[in-house]
Amino acid sequence: MTSRIPRDSRLRLVRPRPLAGAPAAIEQRRARRPAPRPPEGTPAPAELAGMARSVLAAAARVARWADRALGPGGDSATADGKATLSDATARRAAEALGLTAGQVRADWDTARLAGLIEVHGDSARPGWRLRAWDRDDSAVLRGWVALCDAWSLACPEPGEHEPAAVAEVVTAMPQVLSFLQLSAGPVPLPQLLDLLEQRVTELRTERCEVDYGPRPGTPAATEPRPTPAEPPAADAPLEPLLDWALRALASVGALTYGDGQATLTPLGSWAVWVKLEQICVAAQSPAGNIEQGAEDMLRGCARLRPAAARAEYRAWLAARPVGSAVTELIAAARGEDALLRGLAFEALRVVGAPAEPEVRAVLDEPALRPYALLWLAEHDGVDPEDAHEVLTREEATWLWVDTAAAVADHGEAPLLVRHLETAVQPTVPSLLDEVRAVGHPRTVQVLVALAAAHPDPAFAKALRRAAFQVHTGG
């Protein structure tokens, strides 16, 4: 932009650059290590995919029925907009497939968790994995892994137990599965229970919930300890919860459970190995992102190229439960750093379908709404190049200012000037008018930074004038 008359300047419309490219994208060279090989005796991928297809056969059958019967203009698939199958649809499926309504509901839930069915409000449609079911073994295996990761949702948790105790067991089960994988054979239930109790104790210790009391030989505290209002979760017996967890994992095909012992299936052993390998790869990264919270992890990925950053996101996600990881990423997106906001939604793209409820929940938050709309559009199959069309003019302008704030904070002056080319407004005056109207909290700082970076003195003056007007409310 070289015109010295800002009001006549035209902005060339180009595709927005990925936010991850705002800082200087410097790929750190890493020594390539040979592709890891699974443990000896692990079946070939094609054989593993056949096992996964067998586990998910009933779910795929219901998903194919939904694809045929619940097309556009059909009856609503869900009862409450929350993916709960409506009674009418369950009866239709049961009659068509020769099943009971209860079986249809169970297979429907399995299909959703495996990504074979995607539910949006009252409508359902086949997931991309169903389209690739017969020809893409990797899609089948990813679908089964998604179901395995959601094992605690596949089988209702015991209602008589405290939610905190249930959450502790869910968090501790990866260590139990790792032990089963290393054992490479049946493991007695008492041994698994002992391991679970040790891990749950570690979790409570990390939260400082263990009351060590006065040490021997030291005077007791002069002030009495406060009496807890509720009994601690430590009193909850873990054996019934371990039984529930093992049955749930058996229901998704990760292990076999009976006669007082548990054994990983070939699918379960392979899935645990994949998770451990992802963790080991991430642990070797210079930044050590796997051990960081979401905000620090995103900062560590800020200067990586998009492909390398996605690899870091995948490894970070593999090391923690999906639900808590999504919550952490959303919390990071709510912060003041616009760069982290964009990177958080890039990481949520790696999460995929399990993040959809949390992303939909932030549509009412102005700072997150544009990012959430783009995420949902891409999740719905819209081409990323065209996803911006789902935004209103105001939302697109808000996102433009937010991206400019990220560039101003973390990028270089030339990149900030080039960001002008991505605006949806055709002229400079309309851009400044709409930027002032959206009320972004960083508007003044963005305009001042643009004025300082732009080489055209007349245009810089117009930017400073606009910044002053926003600052004074004029």
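Here, contact means heavy atoms within 4.5 Å. Keep that cut-off handy for the exercises below, and remember that this is a predicted model.

**Exercise 1.** Find out where serine 178 sits, whether it is buried or exposed, and which residues beyond its sequence neighbours are in contact with it.

*Solution.*
- Step 1: look up the element. Serine 178 belongs to helix H8, which covers residues 163-183.
- Step 2: check the accessible area. The relative value for serine 178 is 19%, and buried means under 20%, so serine 178 counts as buried.
- Step 3: list the contacts. Skip the neighbours within four places in sequence, and serine 178 is in contact with Val272 and Leu276.

**Exercise 2.** Work out the strand order of the three-stranded open sheet, and say which strands are at its edges.

*Solution.*
- Step 1: take the pairings. S3 and S5 are joined by two bridges and run antiparallel. S4 and S5 (residues 261-264) are also antiparallel, with four bridges.
- Step 2: read off the order, which is S3-S5-S4.
- Step 3: pick the edges. Strand S3 (187-188) and strand S4 (255-258) each pair on one side only, which makes them the edge strands.
- Step 4: see what packs on this sheet. H8 touches S3, S4 and S5, and its direction makes about 75 degrees with that of S5. Helix H10 (residues 239-251) packs there too, touching S4 and S5, at about 130 degrees to the direction of S4.

**Exercise 3.** Pin down the register of S5 by naming its bridge partners, then describe the turn that links S4 and S5.

*Solution.*
- Step 1: start from the S4 side. Glycine 258 has glutamine 261 as its bridge partner, and threonine 256 has threonine 263.
- Step 2: go over to S3, where valine 187 is matched with alanine 262 of S5.
- Step 3: look at the turn. S4 and S5 make a hairpin with two residues between them, and aspartate 259 in that turn has a positive phi of about 55 degrees.

**Exercise 4.** Sort the side chains of S5 by face and by burial.

*Solution.*
- Step 1: take one face. Ala262 and Leu264 point that way, and both are buried.
- Step 2: take the other face. Gln261 and Thr263 point there and are not buried.
- Step 3: combine the two, and you get side chains that alternate along S5.

**Exercise 5.** Put the sheet into the context of the chain: how many helices and strands are there, and what share of residues is buried?

*Solution.*
- Step 1: the chain has 22 helices and five strands.
- Step 2: of its 474 residues, 43% count as buried.
- Step 3: for contacts between residues at least 6 apart in sequence, 67% join residues at least 24 apart.

Terms used: Residues numbered from 1 in each chain as written. Predicted model: local features only at pLDDT ≥ 70, side-chain atom pairs only at ≥ 80, totals over all residues. Heavy atoms only, no water. Buried < 20%, exposed > 50% of the residue type's maximum accessible area, 1.4 Å probe, protein only. Pairing = 2+ DSSP bridges. Axes fitted to C-alpha atoms, helices over the stretch in contact; angles between N-to-C directions.
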